[in-house]
Structures are given as C-alpha cells and as structure tokens.
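Subject: Structure for your files

Hello,

Here is the structure you will be working with. Please open it before reading on.

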Amino acid sequence: MTTSPARTRQDTGELPPLLPAPRRLLKHPRLMHYNRLAALVLLANAAFLWAARPLATPTLGHAALANLALAVLVRQQYVINLLFRLATSAPVSWPLKVRWTLGKVYHFGGLHVGGALAGAAWFLALTVAVTRAGTDLPLITVSWTLVALLALIVATALPPFRSRHHDRFEKIHRFGGWSALTLFWTHTLLSGQGPVPLAVLAVVTFSVALPWLRLRKVDVRVERPSPHVALARFDYGETPFAGSSTAISRSPLTEWHSFANVPAPGRSGFRLTISRAGDWTGSFIDDLPSRVWVKGITTAGVANIEVLFRKVVYVATGSGIGPCLPHLLAAEVPSRLVWATRDPRATYGDALVDEILAVQPHALVWDTSRHGKPDMVRLAHAAYRDFGAEAVICISNKRLTWQVVHGLERRGVPAYGAIWDS
C-alpha cells in the first residue's frame, strides 16, 4: 500500500493542455451524452410533428403511447443489460474515438427523459383535442387526471427536487407511475383505439411487473469493520457477474437502494459494500439485518465498459472501492487502482485491504487522514500516463466524479463515472 511520504506528494507532473475550444465545448457537462440523447428524442418528435401535420386525434394518442413506452422500457433491467452487451461487444481494435463513444452507453437514461417529456406533451395535446370535442365526459375526466399525474411525476423528477427529496421522488415515481399505467389502460379502453395500443400497454405493464415477480426475502450475513462501513454477504443461489448491481430493501414498497455486487472468482454468492451515506445506510450499519428484500435481476453498471479498452485506471474514493473491486478481482482487463480514503485498514478492515493489494500490488492508496485530500485529477492522469491506459473510470461522490471525468475529458482522456440519473 502506497503511503510513504515520497509517494504521497503530489509530484505527478503537469496536466496536458485543454483541448481546442470547439472540441472542449462538446465535453461540457450540459452537452454530455445523456442530454444529447434526450435532445435527440425531442428532435425526432419535433420532426414527426412537422412531417405528419395536421395530426388526427388517434395519431396524438399513438405518439404519446410510443414515447411513454420508450421511457419505461429503456429502464427495464433486461433492456439495460442488452444495451451494455451490444455496446461492449466492440473489439479493442476499433478506433479509440468509436470506443470512447460506445463507453457512454450508461447515459441511456437520456432516452428515458426524452421519451417521458415528449410523451407527456403529446398526451397533453391529445387531452386538449378530446376536451374540445366535448363528447365523452368520462374520457375527458380520465385524460385531465392523467395529465395532472404526469405533470407531478415530471416536476418531482427534475434534479432540484430529486436531489433534495430523493425518498419522496422515489415514492412518487413508483406509485405515481403505477397509477398512471392504470389510467392509461382506462383511457385506451374508453377511447377504443384498437389492438396495437393495447398490445403496447401489455408489454409496458409486463416490463413494470417483471422485477416484482422476482421479489423475495433472502438471508444476509453482515460484518461491520468500522462504524462507517458494513460488508453484506449473500449466498442464495445467485452469483452475479462482475460490474453488476443489486437493489435491496427493508421495506419493498417504499425504498430501494442499489449497490455494486462483489463476487469472488470461484466462489458462490457475492458481497455488497455499504458505507454510511444517509439515513437508510446509517440505519443498516447501526442495526444489522439478518434478512433483506431483493427483486429483479442483477443489472450492468458503468464499469462494465472496461472491456472496450486495452488498459484502464480505476479511481475511487472511500466506499467507491466497492464497484471497482469485482473488476480488480476478475482482472479481465489490465488495470491500475488509485484509491483515496480515510485510514483504509481501520475503516474497511485488514482482510479487504489485503485482498485489494493482492490483485493490485502497485495500487496507489492515499490515506486522507495522514496526507489530506489529494488532487484526484492529477493523480488520475499520472496513473493513466504511467500505466499507458486508454481510459479512466471514476467511482466517487457526485462532485468529485464530475470533477475527474470532465477534468480529464477536456484534456482528451476518455473518462467515465456515474451520472446519478436514477
């Protein structure tokens, strides 16, 4: 473990110059692939509006349903895994620029946002048209009720509300979404739109229900190496793939939390690293459960894009080591670890630290309690340069992840990190 003063000084060399302004503009957070995908969906809808005008009432309904189906299906766990499988099937012989873009597959949530916004707008237009016709009071009532519900779901999903009141957002999104789906069925049956909309609604309903059909309560064995961290061990017949995540809950109708799975090569089961980062995780660590709820299937996460590159650097802070660990253990791609954390052995236990160092003997482990907080962009770039890597994957808190990812990408280094869109 690298903790000697000679290696912990930030003598990492100068960062490369920024890209020219036109190229750097494309790396701005507001133009990240998530927002580009959302804009693409909205642009496609605008093109359809222009090409198909004047629009009949059934066309408005079909457009609304198609967009809302996109919003739901792109969040389905099997669809997410398929998107990752397709994007990461590209060989490393492809040009780096192409692989750089394919690595942004985890921005697929932009399709969800674009579809939800466009679908709500189309349905509002449909409701206005139905109201003007004024011949079907039950249909009008259901339509405006659904408009109000969609407006609530969209408003509470906006970043300012979602980040400050995430628990409320989650409940509104879940129960509001189920209610909206019920109202869509009612609206479609009342309007008599035919078999195609009914078939689409059936697919969407099955997609929503599918994870809940796999709801089960399982045993968990939890170790607490420190008051900051719990290591939860599961072995209920599921050994997930490296880089996947599992959602767990103690109250399945109200709150779910996803954590990176850490399977050990050659062993059944897996571990979750849960650090104190809020009321739910704090309660989990202080009151260790013996059983928790799980649902759905394990789902691919951002670090799965490592296979697109010949070598990668993992940058983690604190419990961000959890999502990195399965990839370090699997060693499918040559990698180098940079980990900044407070007193790693006291916080995470000797066993976990020794396990990391066994597969990453050249890792830079920066003890922030001894050496303070480092310049993670410089450390990341130094490791990227010295190791000859093609990409950097950062797992940290939101502020530092964006700092590292955009700090490197503005300098021409492919970099990836979570975007907190769920």
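Below are the notes on the sheet, its helices, the cysteines and the annotated spans.

Please keep in mind that this is a predicted model.

The sheet. Five strands make up an open sheet with parallel pairing, in the order 11-10-9-12-13. Strand 11 (364–367) and strand 13 (415–417) are the edge strands, each paired on one side only. From one strand to the next, the twist averages 15 degrees. Strand 9 (residues 312–317) and strand 10 (residues 335–341) run parallel and are joined by six bridges. Within that pair, Val312 of the chain stands opposite Ser335 in strand 10. As background, strands of a sheet pair through backbone hydrogen bonds, in either a parallel or an antiparallel way.

Helices on the sheet. Helix 13 (residues 321–330) lies across strand 9, strand 10 and strand 12 (391–395), and runs at about 150 degrees to strand 9. Helix 17 (residues 376–387) also packs on the sheet, where it touches strand 9, strand 10, strand 11 and strand 12. The direction of helix 17 makes about 155 degrees with that of strand 9.

Helix 18 (residues 398–409) has twelve residues. From first C-alpha to last it reaches 16 Å, close to the 16 Å expected at 1.5 Å a residue. Its buried residues are Leu400, Thr401, Val404, Val405, His406, Gly407, Leu408 and Glu409. Among the elements that cover them are helix 6 (96–102), strand 9, helix 17, strand 12 and strand 13.

Cysteines. If you plan to ask about disulfides: a search of the whole structure finds zero. Why is Cys324 not bonded to Cys394? The sulfur of Cys394 is the closest cysteine sulfur to that of Cys324, but at 8.2 Å it is too far for a bond, since a disulfide needs the two sulfur atoms within 2.5 Å. Seen from the other side, Cys394 is in no disulfide, and its nearest cysteine sulfur is that of Cys324. Both side chains are out of reach of the probe or nearly so: Cys324 is buried with a relative accessible area of 0%, and Cys394 is buried with 1%.

Annotated spans. The unreviewed UniProt entry lists residues 33–52, 105–125, 137–160 and 196–215 under "transmembrane region". In the model, residues 33–52 are 100% helix and 0% strand, with end C-alpha atoms 28 Å apart. Residues 137–160 are 96% helix and 0% strand, and their end C-alpha atoms lie 36 Å apart.

Regards

Terms used:
Residues numbered from 1 in each chain as written. Predicted model: local features only at pLDDT ≥ 70, side-chain atom pairs only at ≥ 80, totals over all residues. Heavy atoms only, no water. Buried < 20%, exposed > 50% of the residue type's maximum accessible area, 1.4 Å probe, protein only. Pairing = 2+ DSSP bridges. Helix = DSSP H or I, 4+ residues; strand = E, 2+ residues; numbered from the N terminus. Axes fitted to C-alpha atoms, helices over the stretch in contact; angles between N-to-C directions. Contact = heavy atoms within 4.5 Å. UniProt positions renumbered as here; feature names shortened; annotations may be inferred. Expected span 1.5 Å × (residues − 1).
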